[in-house]
Amino acid sequence: MKYDDFVNGVSSIPCVDSSCGNASAVVRRVRNRKRNKRLMLSALMLVCVGVVPVLGNVHDENRDLALWNEARPEIKNPSQQQWIAYQRSQQRKQFIMNRFGDLKI
Amino acid sequence: MNSSNEIELINFIAKGDQHSLQLIMDRYRPMVLRLANRLLCDEQVSKDIAQEVFIRVWQKAHRFNPQYAPSTWIYSITCHLCYDQLRRQKWLLPLSRLGFLPDEKSDNSVIPLEQRELWSLYKKVSQSLPVKQRMVFTLREIEGYDTQETARLLGMTADQVKSNLSQAKKTVRAKLEKYEIR
(Lines give C-alpha, C1' and ligand atoms only; values in the text may rest on other atoms or scores of the structure.)
Protein backbone atom coordinates (compact mmCIF):
# COMPACT_ATOMS: atom_id res chain seq x y z
CA MET A 1 0.00 0.00 0.00
CA LYS A 2 1.27 3.50 -0.85
CA TYR A 3 2.18 5.83 1.98
CA ASP A 4 0.13 8.78 0.66
CA ASP A 5 -2.98 6.61 0.15
CA PHE A 6 -2.61 5.36 3.70
CA VAL A 7 -2.23 8.84 5.23
CA ASN A 8 -5.10 10.31 3.19
CA GLY A 9 -7.31 7.33 3.93
CA VAL A 10 -6.73 7.50 7.68
CA SER A 11 -7.23 11.29 7.72
CA SER A 12 -10.66 10.84 6.15
CA ILE A 13 -11.87 8.37 8.78
CA PRO A 14 -14.46 10.20 10.88
CA CYS A 15 -13.61 8.83 14.32
CA VAL A 16 -15.84 11.29 16.14
CA ASP A 17 -18.58 10.48 18.58
CA SER A 18 -21.66 12.64 18.04
CA SER A 19 -22.53 12.77 21.75
CA CYS A 20 -21.45 15.92 23.52
CA GLY A 21 -20.20 15.95 27.06
CA ASN A 22 -21.85 17.62 29.96
CA ALA A 23 -20.20 20.48 31.85
CA SER A 24 -22.02 19.62 35.06
CA ALA A 25 -20.52 16.11 34.97
CA VAL A 26 -17.06 17.66 34.73
CA VAL A 27 -17.71 20.04 37.61
CA ARG A 28 -19.19 17.21 39.69
CA ARG A 29 -16.11 15.10 39.07
CA VAL A 30 -13.82 17.92 40.15
CA ARG A 31 -15.85 18.38 43.35
CA ASN A 32 -15.75 14.64 44.06
CA ARG A 33 -12.00 14.62 43.61
CA LYS A 34 -11.61 17.53 46.02
CA ARG A 35 -13.86 15.79 48.55
CA ASN A 36 -11.91 12.54 48.19
CA LYS A 37 -8.67 14.43 48.71
CA ARG A 38 -10.06 16.03 51.87
CA LEU A 39 -11.27 12.63 53.13
CA MET A 40 -7.87 11.11 52.44
CA LEU A 41 -6.14 13.92 54.34
CA SER A 42 -8.51 13.56 57.30
CA ALA A 43 -7.96 9.80 57.35
CA LEU A 44 -4.20 10.37 57.23
CA MET A 45 -4.39 12.85 60.11
CA LEU A 46 -6.47 10.42 62.18
CA VAL A 47 -3.92 7.69 61.55
CA CYS A 48 -1.09 10.05 62.57
CA VAL A 49 -2.93 11.18 65.72
CA GLY A 50 -3.50 7.53 66.64
CA VAL A 51 -0.08 6.21 65.77
CA VAL A 52 2.26 8.94 67.03
CA PRO A 53 1.42 8.54 70.75
CA VAL A 54 1.83 4.77 70.38
CA LEU A 55 5.22 5.13 68.74
CA GLY A 56 6.36 7.86 71.08
CA ASN A 57 6.66 7.40 74.81
CA VAL A 58 3.26 7.46 76.44
CA HIS A 59 3.32 9.58 79.56
CA ASP A 60 3.33 7.24 82.52
CA GLU A 61 3.08 9.12 85.83
CA ASN A 62 3.84 6.15 88.06
CA ARG A 63 6.96 5.29 86.15
CA ASP A 64 8.08 8.94 86.25
CA LEU A 65 7.53 9.11 90.00
CA ALA A 66 9.49 5.89 90.52
CA LEU A 67 12.36 7.36 88.50
CA TRP A 68 12.21 10.55 90.56
CA ASN A 69 12.33 8.66 93.85
CA GLU A 70 15.34 6.77 92.59
CA ALA A 71 17.16 9.95 91.48
CA ARG A 72 16.20 12.35 94.32
CA PRO A 73 14.93 10.30 97.26
CA GLU A 74 15.49 13.26 99.63
CA ILE A 75 12.64 15.31 98.10
CA LYS A 76 9.32 13.56 98.51
CA ASN A 77 6.95 16.02 96.87
CA PRO A 78 8.76 17.81 94.05
CA SER A 79 7.51 21.24 93.00
CA GLN A 80 6.51 21.79 89.38
CA GLN A 81 9.78 23.61 88.67
CA GLN A 82 11.87 20.81 90.13
CA TRP A 83 9.87 18.31 88.17
CA ILE A 84 10.39 20.15 84.90
CA ALA A 85 14.11 20.57 85.57
CA TYR A 86 14.38 16.85 86.24
CA GLN A 87 12.49 15.97 83.06
CA ARG A 88 14.75 18.23 81.00
CA SER A 89 17.89 16.70 82.47
CA GLN A 90 16.51 13.24 81.62
CA GLN A 91 15.80 14.35 78.06
CA ARG A 92 19.33 15.76 77.74
CA LYS A 93 20.75 12.51 79.08
CA GLN A 94 18.65 10.50 76.64
CA PHE A 95 19.75 12.72 73.75
CA ILE A 96 23.43 12.31 74.65
CA MET A 97 22.98 8.56 75.05
CA ASN A 98 21.27 8.31 71.65
CA ARG A 99 23.88 10.45 69.97
CA PHE A 100 27.10 9.38 71.62
CA GLY A 101 26.13 6.23 73.51
CA ASP A 102 28.25 3.99 71.31
CA LEU A 103 31.26 6.35 71.38
CA LYS A 104 34.23 4.87 73.18
CA ILE A 105 36.86 7.35 74.38
CA MET B 1 -17.36 31.83 17.70
CA ASN B 2 -14.05 33.61 17.16
CA SER B 3 -10.87 33.44 19.21
CA SER B 4 -11.54 36.56 21.31
CA ASN B 5 -14.98 35.23 22.26
CA GLU B 6 -13.37 31.99 23.33
CA ILE B 7 -10.85 33.89 25.45
CA GLU B 8 -13.80 35.63 27.11
CA LEU B 9 -15.38 32.25 27.74
CA ILE B 10 -12.20 30.94 29.33
CA ASN B 11 -12.09 34.00 31.57
CA PHE B 12 -15.64 33.22 32.64
CA ILE B 13 -14.67 29.59 33.27
CA ALA B 14 -11.87 30.85 35.51
CA LYS B 15 -14.54 32.66 37.53
CA GLY B 16 -16.52 29.42 37.85
CA ASP B 17 -19.12 29.82 35.10
CA GLN B 18 -20.42 26.38 34.18
CA HIS B 19 -22.35 27.59 31.14
CA SER B 20 -19.15 28.86 29.48
CA LEU B 21 -17.55 25.47 30.09
CA GLN B 22 -20.51 23.84 28.35
CA LEU B 23 -20.06 26.15 25.32
CA ILE B 24 -16.34 25.35 25.12
CA MET B 25 -17.11 21.64 25.47
CA ASP B 26 -19.75 21.74 22.72
CA ARG B 27 -17.24 23.34 20.42
CA TYR B 28 -14.08 21.39 21.21
CA ARG B 29 -15.19 17.98 22.40
CA PRO B 30 -15.49 16.42 18.90
CA MET B 31 -12.01 17.68 17.96
CA VAL B 32 -10.48 16.61 21.26
CA LEU B 33 -12.09 13.17 20.94
CA ARG B 34 -10.89 12.76 17.35
CA LEU B 35 -7.34 13.77 18.24
CA ALA B 36 -7.25 11.50 21.31
CA ASN B 37 -8.71 8.61 19.34
CA ARG B 38 -6.12 9.00 16.60
CA LEU B 39 -3.31 9.22 19.11
CA LEU B 40 -4.45 6.39 21.36
CA CYS B 41 -6.48 4.20 18.95
CA ASP B 42 -8.92 3.36 21.73
CA GLU B 43 -12.43 4.79 21.82
CA GLN B 44 -13.10 4.24 25.52
CA VAL B 45 -9.78 5.62 26.73
CA SER B 46 -10.20 8.59 24.37
CA LYS B 47 -13.53 9.42 26.01
CA ASP B 48 -11.88 9.34 29.44
CA ILE B 49 -9.07 11.54 28.18
CA ALA B 50 -11.55 13.99 26.65
CA GLN B 51 -13.30 14.34 30.00
CA GLU B 52 -9.96 14.76 31.74
CA VAL B 53 -9.09 17.53 29.25
CA PHE B 54 -12.17 19.52 30.25
CA ILE B 55 -11.52 18.88 33.92
CA ARG B 56 -8.11 20.51 33.36
CA VAL B 57 -9.75 23.37 31.47
CA TRP B 58 -12.09 23.94 34.42
CA GLN B 59 -9.32 23.72 37.00
CA LYS B 60 -6.57 25.62 35.16
CA ALA B 61 -8.57 28.27 33.30
CA HIS B 62 -7.03 30.97 35.53
CA ARG B 63 -3.61 29.96 34.19
CA PHE B 64 -4.58 30.32 30.53
CA ASN B 65 -2.24 32.63 28.62
CA PRO B 66 -4.30 34.80 26.23
CA GLN B 67 -1.20 35.21 24.06
CA TYR B 68 -2.04 31.81 22.55
CA ALA B 69 -5.28 30.71 20.94
CA PRO B 70 -7.63 28.72 23.21
CA SER B 71 -7.59 25.91 20.62
CA THR B 72 -3.80 25.59 20.97
CA TRP B 73 -4.12 25.46 24.74
CA ILE B 74 -6.85 22.79 24.66
CA TYR B 75 -5.06 20.64 22.05
CA SER B 76 -1.85 20.97 24.01
CA ILE B 77 -3.58 19.63 27.13
CA THR B 78 -4.97 16.78 25.02
CA CYS B 79 -1.54 15.94 23.61
CA HIS B 80 0.10 15.93 27.03
CA LEU B 81 -2.58 13.72 28.55
CA CYS B 82 -2.37 11.32 25.60
CA TYR B 83 1.41 11.25 25.88
CA ASP B 84 1.17 10.35 29.58
CA GLN B 85 -1.43 7.70 28.77
CA LEU B 86 0.74 6.12 26.07
CA ARG B 87 3.73 6.04 28.40
CA ARG B 88 1.62 4.38 31.09
CA GLN B 89 0.15 1.89 28.59
CA LYS B 90 3.60 0.59 27.78
CA TRP B 91 3.61 -1.11 31.18
CA LEU B 92 0.00 -2.28 31.16
CA LEU B 93 -1.40 -5.45 29.67
CA PRO B 94 -4.75 -4.86 27.87
CA LEU B 95 -7.68 -6.48 29.69
CA SER B 96 -8.81 -8.03 26.41
CA ARG B 97 -5.62 -10.11 26.37
CA LEU B 98 -6.50 -11.51 29.78
CA GLY B 99 -9.98 -12.42 28.57
CA PHE B 100 -11.88 -9.92 30.76
CA LEU B 101 -13.04 -7.76 27.87
CA PRO B 102 -14.10 -8.53 24.29
CA ASP B 103 -11.48 -8.28 21.58
CA GLU B 104 -10.31 -4.77 20.69
CA LYS B 105 -11.69 -5.19 17.16
CA SER B 106 -15.14 -4.35 18.48
CA ASP B 107 -13.87 -0.90 19.52
CA ASN B 108 -14.51 2.29 17.55
CA SER B 109 -18.11 1.69 16.70
CA VAL B 110 -18.23 5.16 15.11
CA ILE B 111 -15.95 4.12 12.25
CA PRO B 112 -17.82 3.11 9.07
CA LEU B 113 -17.56 -0.59 8.19
CA GLU B 114 -15.67 -0.06 4.93
CA GLN B 115 -12.94 1.93 6.70
CA ARG B 116 -12.42 -0.45 9.61
CA GLU B 117 -9.71 -2.44 7.85
CA LEU B 118 -7.75 0.72 7.17
CA TRP B 119 -8.28 1.81 10.79
CA SER B 120 -7.02 -1.50 12.14
CA LEU B 121 -3.96 -1.21 9.88
CA TYR B 122 -3.37 2.33 11.18
CA LYS B 123 -3.72 1.03 14.71
CA LYS B 124 -1.11 -1.69 14.11
CA VAL B 125 1.30 0.68 12.39
CA SER B 126 0.81 3.39 15.01
CA GLN B 127 1.27 1.00 17.93
CA SER B 128 4.54 -0.23 16.46
CA LEU B 129 6.04 3.27 16.72
CA PRO B 130 7.78 4.63 19.83
CA VAL B 131 5.58 7.08 21.78
CA LYS B 132 7.21 10.33 20.60
CA GLN B 133 7.30 9.24 16.95
CA ARG B 134 3.68 8.13 17.21
CA MET B 135 2.64 11.53 18.54
CA VAL B 136 4.59 13.44 15.90
CA PHE B 137 3.41 11.18 13.06
CA THR B 138 -0.25 11.53 14.04
CA LEU B 139 -0.13 15.27 14.51
CA ARG B 140 1.89 16.03 11.37
CA GLU B 141 0.62 13.47 8.90
CA ILE B 142 -2.90 12.59 10.04
CA GLU B 143 -4.06 15.76 11.80
CA GLY B 144 -2.20 18.00 9.34
CA TYR B 145 -0.45 20.37 11.76
CA ASP B 146 2.75 22.02 10.54
CA THR B 147 6.13 21.53 12.21
CA GLN B 148 5.94 24.66 14.37
CA GLU B 149 2.43 23.87 15.63
CA THR B 150 3.40 20.27 16.37
CA ALA B 151 6.48 21.45 18.24
CA ARG B 152 4.38 23.87 20.29
CA LEU B 153 1.75 21.25 21.09
CA LEU B 154 4.28 18.65 22.18
CA GLY B 155 6.76 21.00 23.82
CA MET B 156 9.54 19.92 21.43
CA THR B 157 11.90 21.84 19.19
CA ALA B 158 11.24 21.94 15.44
CA ASP B 159 14.37 19.82 14.85
CA GLN B 160 13.13 17.14 17.25
CA VAL B 161 9.80 17.07 15.41
CA LYS B 162 11.54 16.70 12.05
CA SER B 163 13.82 13.92 13.18
CA ASN B 164 11.01 11.99 14.90
CA LEU B 165 8.83 12.38 11.81
CA SER B 166 11.51 11.13 9.45
CA GLN B 167 12.10 8.05 11.64
CA ALA B 168 8.37 7.42 11.90
CA LYS B 169 7.85 7.75 8.14
CA LYS B 170 10.61 5.25 7.50
CA THR B 171 9.01 2.71 9.84
CA VAL B 172 5.50 3.28 8.46
CA ARG B 173 6.68 2.90 4.85
CA ALA B 174 8.44 -0.35 5.73
CA LYS B 175 5.27 -1.69 7.39
CA LEU B 176 3.04 -0.64 4.47
CA GLU B 177 5.24 -2.32 1.87
CA LYS B 178 4.26 -5.68 3.32
CA TYR B 179 0.58 -4.82 3.40
CA GLU B 180 -1.97 -5.15 0.61
CA ILE B 181 -5.39 -3.66 1.33
CA ARG B 182 -8.46 -5.17 -0.36
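Analyst: Let's start with a term: helices (H or I, at least four residues) and strands (E, at least two) are DSSP runs, numbered from the N terminus. By that rule, chain B comes to nine helices and zero strands. A heads-up: this is a predicted model, where local features need pLDDT of at least 70 and side-chain atom pairs count only at pLDDT 80 or more, while totals for chains, interfaces and linings use all residues. Residues are numbered from 1 along each chain as its sequence is written, and chains are lettered from A and ligands numbered from 1 in the order in which they are written.

User: How do you know what pattern chain B follows from the N terminus on?

Analyst: Just read off its elements: they run α-α-α-α-α-α-α-α-α. Chain A follows α-α-α-α along its sequence, with four helices and zero strands.

User: And how do you know how confident the predictor is in chain A?

Analyst: From pLDDT, the predictor's confidence in each residue, from 0 to 100. Chain A has a mean of 78, and 79% of its residues reach 70 or more. Among its elements, helix 1 of chain A has the highest mean, 87, and helix 3 (residues 61-71) of chain A the lowest, 74.

User: What makes B:Cys79 buried or exposed?

Analyst: It's a neighbour count. A residue is buried if 20 or more other C-beta atoms lie within 10 Å of its own, exposed if 12 or fewer, and partly exposed in between, with C-beta atoms placed from the backbone. B:Cys79 has 22 other C-beta atoms within 10 Å, so it is buried. You'll find B:Cys79 in helix 4 of chain B.

User: Which residues is B:Cys79 in contact with, leaving aside its neighbours within four places in sequence?

Analyst: B:Met135, B:Leu153 and B:Leu154. Being in contact has its own rule: the C-beta atoms of the two residues, placed from the backbone, lie within 7 Å. As for B:Ile49, 30 residues away from B:Cys79 along the chain, the two C-alpha atoms are separated by 9.8 Å.

User: How much of each chain counts as buried?

Analyst: In chain A, 7% of the 105 residues. In chain B, 36% of the 182 residues.

User: What makes helix 7 of chain B "mostly covered"?

Analyst: Of its 12 residues, 10 are buried. B:Met135 is one of them, as are B:Phe137 and B:Leu139. The buried residues pack against helix 1 of chain A, and also against several helices of chain B, among them helix 4 (70-89) and helix 9 (158-177).

User: How do you know whether the length of helix 7 of chain B agrees with 1.5 Å a residue?

Analyst: The expected span is 1.5 Å times one less than the number of residues. For the 12 residues of helix 7 (residues 131-142) that comes to 16 Å, and the end C-alpha atoms are 15 Å apart, which agrees. Helix 3 (residues 43-60) of chain B, with 18 residues, reaches 25 Å, close to the 26 Å expected. Just after helix 7, B:Gly144 takes a positive phi of about 80°.

User: What makes something a nonpolar core, and where does the largest one lie?

Analyst: A nonpolar core is a set of buried Ala, Val, Leu, Ile, Met, Phe, Trp, Tyr and Cys residues joined through C-beta atoms within 7 Å. The largest here has 48 residues, and those with the most contacts inside it are B:Leu21, B:Ala36, B:Val53 and B:Val57. Helix 2 (residues 18-40) of chain B gives the largest share, 10 residues. Domain 1 (1-108) and domain 2 (111-182) of chain B both give residues to this core, so it lies between them. Those domain bounds come from an automatic or database domain assignment.

User: What does B:Ala36 touch, not counting residues up to four places away in sequence?

Analyst: B:Ser46, B:Ile49, B:Ala50, B:Thr78 and B:Cys82. In helix 3 of chain B, the buried residues include B:Ser46, B:Ile49 and B:Ala50.

User: How many residues does the contact take from chain A and from chain B?

Analyst: It takes 19 from chain A and 33 from chain B. On the chain A side, helix 1 (3-11) and helix 2 (23-55) give two or more residues each.

User: Which classes make up that side of chain A?

Analyst: Ala, Val, Leu, Ile, Met, Phe, Trp, Tyr, Cys and Pro count as nonpolar, Asp, Glu, Lys and Arg as charged, and the others, Gly among them, as polar. Sorted that way, the side of chain A that touches chain B has 13 nonpolar, four polar and two charged residues.
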